[in-house]
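Please work through the exercises below with the sequence and the structure at hand, and try each task before reading its solution.

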Amino acid sequence: MKIRVGIDIGSTTVKVVVLDKNDNVLYQSYERHFAKVREKAAEQLKKAKRFLKGAPLTVAITGSAGLGVAKAADIPFVQEVYATAAAVNKYVPQADAVIELGGEDAKIIFFRGSLEERMNGSCAGGTGAFIDQMATLLNVDAAELDRLSMDHEKIYPIASRCGVFAKSDIQPILNQGGRKEDIAASIFQAVVDQTIAGLTQGRDLDGTIVFLGGPLFFLKGLRQRFIETLQLDEEHGIFPENAQVFAAIGAAVCSDQYKETTYDSLISSLENAVTASVVSDPMPPLFETEEEYRLFTERHEKATPAVVNIDTYTGKAWLGIDAGSTTTKIVLMAENGGILYSYYNSNKGNPVSVVKEQLGIIYDKCGDRITIAGCGTTGYGEELIKNAFRADHGLVETVAHLRAARYFQPEVDFIIDIGGQDMKCFKIRNGAVDSIMLNEACSSGCGSFIETFAKALGYDIATFAKLGIFDKTPVNLGSRCTVFMNSSVKQAQKDGASVEDISAGLSISVVKNAIYKVIRAANADDLGKHIVVQGGTFLNDAVLRSFEQEIGREVIRPTIAGLMGAYGAALYAQDADMEKTTLLTKEELKNFVHTARPVTCNLCTNHCSLTVNTFDNGRRFISGNRCSRPLGKDKSSLPNIYQYKLKRLQEMQGTGNGTGARGKMGLPFGLNIYENLPFWYRLFTELNFDVVISPVSDRKTYLLGQRTIPSDTVCYPAKLMHGHLQQLIDMGVENVFYPCMAYNFDEGKGDNNYNCPVVAYYPELLAANMPDVKKINFMNFYVGLHQPKEFEKKFAQHMMEIFGIHKRETVQAVRKAYTAYNAYKEEIRTKTREYIEYARANGKNIIVMAGRPYHIDPEINHGIDELISSFDLVVISEDGLSHIMDKEPRKVLNQWTYQTRMYQAARYICSQPDMQLVQLVSFGCGIDAITTDELRDILEAGGKLYTQLKIDDISNLGAVKIRIRSLIAAMQAKEEK
Amino acid sequence: MAELIYDETGRLLFTEEMRKEYTILIPQMLPVHFSMMRQILEGYGYNCETLGGNPREIIDTGLKYVHNDTCYPALLVIGQLMSAVQSGKYDKDKVALLITQTGGGCRASNYIHLLRKALKKAGLEQVPVISLNLSGLEKNPGFKLTLNLGIKMLYALVYGDLIVLLANQTRPYEINKGETDRMVDYWMNKLVKEFESGVKISKKKVMAKMDEICADFAKIAVTEKNKTRVGIVGEIYVKYSPLGNNNLEEFLQNEGCEVVVPGLMDFMIFKIYNREVDVDLYGGKWIKKTICRIMKNYFEEYQQGMIDVINKYSVFRAPGTFSHLEHKAMAYLGAGNKMGEGWLLTGEMLELISDGVNNIVCTQPFGCLPNHIVGKGMIRKIKDDYPESNIVAIDYDPGATKINQENRIKLMLANTGKMKQFVKPE
């Protein structure tokens with residue numbers, strides 16, 4: 001046998017392997033290709049020249065980006081899974097399954113029984129690129145991340161589905177002082193969970209498992225998480241010594257069936273292969289001429305505050321600190337609004353130490369001439385920084401930004417701020433924030449996103465951004481989330497787009513994402529007449545230009561666009577005009593020490609992950625809490641219908657009025673069971689069953705059923721059902737009732753009374769995907785509660801057939817069940833009235849948390865109700881109000897009962913000055929793509945604010961808090977008017 | 001110029017007068033079927049056009065006017081219509097849009113409303129939207145689906161299904177490149193001419209015509225039919241529309257496969273049958289059930305007729321009947337699972353497998369709600385019952401790239417041949 005060469009060209013790396021005739025590896029290499037695929041491959045081959053020169057050899061290419069190269073260079077191509085399987089077959093013949101993580105792909109192959117391969121879907125992180133992105137976030141490289149993870153003490157739950165989600169989980173932990181070691185390990189755990197949940201899809205992962213690919217080879221911490229999670233011993237968890245090049249080895253193994261070649265001809269075919277370079281549909285350039293660019297920059301340089309020399313200025317000054325998600329911004333402002341000192345930089349994963357250092361510098365520069373008269377903080381880390389340094393004011397971001405924008409344009413009616421991690425847009429009407437739009441967790445095409453790409457292509461952000469300015473053919477990259485964008489860029493590179501094209505294209509994508517996805521505007525007038533743009537991302541001229549181009553209107557971008565939050569905080573402090581600041585003095589600052597310790601709160605079942613920050617003289621600041629109990633205060637005792645309903649429903653188990661003689665009847669406590677439990681409970685207790693509901697969800701419920709979830713993009717409430725059913729089975733409940741319900745009750749307010757497809761048919765999915773269902777009597781037949789007469793008949797038939805219950809008995813029970821259900825609904829309405837009266841008697845505002853009945857599940861709403869309650873607001877829900885208004889035609893087909901309730905409630909609150917609506921939207925809810933726009937229309941037409949909170953398995957409340965506080969600030973501003 | 005007339009709910013109507021003056025724009029889904037249907041409509045005095053357009057522009061227009069989390073087909077259909085109206089090709093005051101309305105608990109029933117919202121957003125509220133539906137949802141004085149027109153549409157449906165099926169079984173093997181497509185065009189034109197000629201068409205004539213079509217396709221010179229067969233199932237729009245599925249059929253053909261795409265007839269029967277099932281499950285009038293049954297039988301007769309004709313030709317494989325499909329699906333889902341493609345989708349996968357087509361691409365828009373259940377949700381059980389089955393679920397979305405989708409399809413295709421050598425016994 002000859003010398004054999006395998007080349008694996010992946011999304012981010014090129015791997016080359018040379019095998020001798022005894023299958024020994026003579027040479028191997030693994031390098032990043034930065035989109036220069038052929039050059040990198042040839043370069044690596046040249047390094048292996050001594051093994052290749054002279055002898056005849058065979059070669060094959062494999063890998064996700066390899067096909068194009070193989071075709072152009074006329075080198076045989078082997079499909080990557082086939083290559084991997086061939087290598088595993090040769091070197092680890094006892095393997096039952098392979099898990100391979102690559103740059104952007106994650107794969108699993110099962111060999112035992114029926115062959116099965118799975119790859120991550122299009123919306124999935126959990127890969128090398130994801131880990132790189134997370135490492136960037138922590139300001140470390142992957143190797144350091146790995147080292148950190150080995151010293152972890154605890155694991156935080158981090159959303160594992162998608163990189164963007166994980167980011168929004170990690171950021172707040174970081175900003176609240178969580179340990180990097182713990183976060184690093186949590187990131188790896190997220191990858192493990194994602195792989196298991198996303199790829200096994202119901203198939204058991206056991207036997208001998210081989211782990212392959214770069215990330216698993218390089219990252220010991222990641223391996224450790226896999227070993228622990230899957231409980232593998234050395235015999236069953238195999239990590240080959242050349243796991244990172246295994247597919248390349250496979251390609252080499254497979255190459256022997258192809259024709260021979262020589263070193264020289266291989267190199268020349270690689271180097272001469274020119275991949276056809278056609279960029280399909282480029283977009284118009286940002287600037288046609290340099291003159292155009294010059295005028296553009298001149299215009300924008302006018303919006304600037306005065307610069308005052310800190311070394312000569314004497315008098316009062318105000319300090320603003322914006323502790324953002326990835327960067328910390330600081331402004332020291334003089335009496336006339338001029339800037340004495342400013343700072344803008346990465347918070348390096350520890351904003352407290354950055355601020356401490358900067359504050360020291362500022363105190364030094366101030367000397368005795370300048371007195372700091374007040375200090376405001378804002379941003380994600382607002383509370384932490386305020387507490388650490390005893391600042392005077394903590395402002396919610398929206399308020400800070402509005403204050404700053406007004407300095408540059410008093411008539412401002414629209415502000416858009418694109419920062420590192422979030423995008424905020426708000427309309428201003430009558431001088432107050434009128435509507436707030438924030439990017440959702442799944443569309444964060446923001447600053448750090450361009451930065452990540454710049455880094456991946458080997459540039460710093462400033463250079464990278466400049467490249468796009470005069471590009472003639474920006475590439476169209478679409479306007480979706482980062483994960484999609486990765487593959488769009490990959491595709492563009494494959495099509496021959498230059499770095500310039502990609503730079504300009506990315507800037508345009510960020511803008512399109514903002515305008516069409518976040519703001520949902522169809523034209524410039526939807527935004528406003530006096531638009532101020534800000535945030536660090538707008539300092540990128542390419543982004544600014546494409547924004548103006550896209551909306552066809554000139555906007556104001558202050559030269560301090562990146563500092564606006566801090567500037568606003570400083571202006572706010574000046575407005576407050578305090579006698580004396582409470583800020584740490586120069587001396588106190590010198591002795592300032594900060595430690596952060598993670599703890600799990602055990603005061604209730606939420607088990608919040610708290611971070612306890614301790615500052616020098618024992619001052620403490622606790623973050624990560626939902627309610628006020630860990631702070632030593634009582635939980636808010638204001639009326640909260642979410643808590644009331646949850647408690648009431650939990651009471652509905654046991655034998656009730658019946659004897660329980662017919663044994664246990666299990667109901668999985670999720671989805672529409674939350675709505676219909678009063679009905680089923682009464683029905684089954686009347687039939688002398690002992691009703692058992694599965695315990696209220698927590699994270700463990702999800703994990704318990706995770707492996708049997710076939711679709712990773714279905715909503716979280718549906719995913720939880722797997723765990724609920726499993727719990728009932730594990731509890732030994734033999735009869736479980738969970739009916740299919742295409743139709744809901746008809747409440748007479750909509751065009752029809754459907755359930756959404758997921759609620760309607762999920763029982764059938766459970767039956768098909770959960771192996772243990774076979775052990776029980778799982779009743780998931782179709783019922784239609786909206787037709788009582790027919791239901792009575794049909795249900796009696798079922799009970800007769802399954803349990804031999806006499807029809808008359810069932811009919812009696814059904815009738816009582818209807819009465820019980822109606823009574824429960826009436827009870828909720830009465831309670832709602834009581835709560836409203838209480839609020840009015842005590843001068844509290846009311847928040848209507850509108851969602852689905854199952855959104856009262858604390859694992860689904862993540863305690864948002866308690867959070868709102870802690871802001872001194874009374875919480876009610878849409879189902880207590882939906883009966884009040886008469887039916888009215890809607891602009892959309894109003895055919896789902898739960899959604900109809902939201903429209904009804906929204907219409908009602910438009911007439912109630914003390915009520916505002918907050919809509920909870922589960923990520924992946926297709927129906928809510930329709931309801932959100934309609935609800936917004938109803939509310940805005942009625943002069944109300946629209947606030948949407950997207951929820952998933954994310955359990956961190958940072959972003960939610962900002963929205964709620966912005967809402968409160970806007971409500972207060974309205975009241976003051 | 002036609003006067004703008006509104007009904008009592010404020011909906012702009014398509015009037016008799018408009019029928020004379022206006023051009024009706026129709027989004028594209030199934031080129032063969034839709035082209036015939038368009039020409040039939042023209043025979044009834046409507047000016048119609050089925051739309052094409054630059055995919056990128058369509059997507060961008062869709063993103064602009066439709067909530068981005070709405071399913072991809074809505075985005076494409078509305079994007080296609082909106083970009084056509086705004087293209088300058090048509091007089092904005094003399095154009096109407098036609099869109100199908102299926103009804104049912106899937107959000108797809110909302111397309112027409114989202115289209116109207118989009119028109120409003122674009123300041124084009126004067127453009128009437130015509131609903132094409134079988135449920136009597138929205139009516140327009142200028143557009144009536146008469147019995148006569150309806151029957152012709154049914155013929156177009158049957159002929160369309162037949163032509164597409166024969167072409168799919170012939171094209172990969174044709175010796176003279178392009179011959180199959182020429183045959184498709186030839187028959188489409190010929191059939192339309194006959195519709196236009198006004199000659200009375202009967203079931204018997206349709207059967208004879210189908211026989212002729214089969215005979216013609218059978219004459220095309222082909223090589224041995226030995227390619228890997230790959231089935232395509234899924235949400236109806238992305239399943240059929242090349243715009244929706246990034247030219248999936250073409251891709252598979254280039255990969256050396258023969259595509260097997262179940263026809264539109266089953267979907268039509270499915271939608272009728274659902275009404276019958278509703279009565280069984282939740283009660284309702286027997287008369288409704290009876291009417292549905294009669295309609296269903298009528299459609300099924302034509303389906304059976306088509307199958308019988310195909311079976312006369314040993315070079316072609318006929319599809320299974322609707323009831324066979326239903327029978328298979330009932331082992332997996334209840335008859336009440338009707339939203340979107342409902343149990344039909346699972347049934348199509350099972351039918352393909354029983355026909356020896358183990359390799360299947362299950363297509364859906366990203367986040368498609370019914371497909372969580374009837375598509376992705378049933379693959380596990382199908383795999384358990386038929387270990388030979390090899391199904392890949394592919395999501396389509398404005399941001400999803402072709403390369404990503406193709407990598408996954410290739411992975412599935414890799415499983416069809418040589419991979420088997422690595423399998424180990426249980």
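The exercises that follow concern a predicted model, and each task is followed by a solution in steps.

**Exercise 1. The overall form of chain A**

Task: Find what radius of gyration chain A has, and decide whether it agrees or disagrees with that of a compact globule.

Solution: Begin with the length of chain A, which is 977 residues, since a compact globule with that many residues would have a radius of gyration near 30 Å. Chain A has 30 Å, and therefore the two values agree. Next, consider the box that the C-alpha atoms of chain A fill, which is roughly 90 × 80 × 55 Å along the principal axes. Within chain A there are 35 helices and 29 strands, and 60% of the residues count as buried. Finally, look at the contacts in chain A between residues at least 6 apart in sequence, of which 75% join residues at least 24 apart.

**Exercise 2. A sheet and the helix across it**

Task: Determine in which order the strands of the open sheet containing S19, S20 and S21 of chain A are arranged, and whether the pairing is parallel or antiparallel.

Solution: The order of the 3 strands in chain A is S19-S20-S21, and their pairing is antiparallel. The edges are formed by strand S19 (594–600) and strand S21 (619–623) of chain A, each of which pairs on one side only. On average, and with direction ignored, neighbouring strands of this sheet are turned by 20 degrees against each other. Turning to one pair, strand S20 (residues 609–615) of chain A is joined to S21(A) by 5 bridges, and Phe615(A) has Arg619(A) in S21(A) as its bridge partner. As a last step, place helix H15 (residues 382–389) of chain A, which lies across S19, S20 and S21 of chain A and runs at about 175 degrees to S21(A).

**Exercise 3. The contact between two chains**

Task: Establish how many residues chain A and chain B each bring to their contact, and which element gives the largest share of the side of chain A.

Solution: The contact takes 69 residues from chain A and 66 residues from chain B. Several elements of chain A give two or more residues to the side that touches chain B, among them helix H4 (80–91), strand S7 (116–119) and helix H28 (757–769). The largest share of this side comes from H28(A), with 9 residues. Sorted by class, the side of chain A that touches chain B has 31 nonpolar, 24 polar and 14 charged residues.

**Exercise 4. Buried or exposed?**

Task: Decide for Ala247(A), for Gln231(A) and for Asn247(B) whether each counts as buried, partly exposed or exposed.

Solution: A residue with 20 or more other C-beta atoms within 10 Å of its own is buried, and one with 12 or fewer is exposed. Ala247(A), found in helix H11 (residues 246–255) of chain A, counts as buried because it has 33 C-beta neighbours inside 10 Å. Leaving out residues up to four places away in sequence, Ala247(A) touches Asp8(A), Thr62(A), Gly63(A), Glu80(A), Ala83(A) and Thr84(A). Gln231(A) has 9 such neighbours inside 10 Å and so counts as exposed; its place is in the loop between helix H10 (220–230) and strand S9 (237–238) of chain A. Asn247(B), in the loop between helix H9 (236–240) and helix H10 (248–254) of chain B, has 15 C-beta neighbours inside 10 Å and therefore counts as partly exposed. Neither of the two loop residues is a glycine, yet phi is positive in each, at about 50 degrees for Gln231(A) and about 55 degrees for Asn247(B).

Technical notes:
Residues numbered from 1 in each chain as written. Chains lettered and ligands numbered in written order. Predicted model: local features only at pLDDT ≥ 70, side-chain atom pairs only at ≥ 80, totals over all residues. Pairing = 2+ DSSP bridges. Helix = DSSP H or I, 4+ residues; strand = E, 2+ residues; numbered from the N terminus. Axes fitted to C-alpha atoms, helices over the stretch in contact; angles between N-to-C directions. Contact = placed C-beta atoms within 7 Å. Rg over C-alpha atoms; globule rule 2.2 N^0.38 Å. Nonpolar A, V, L, I, M, F, W, Y, C, P; charged D, E, K, R; others polar.
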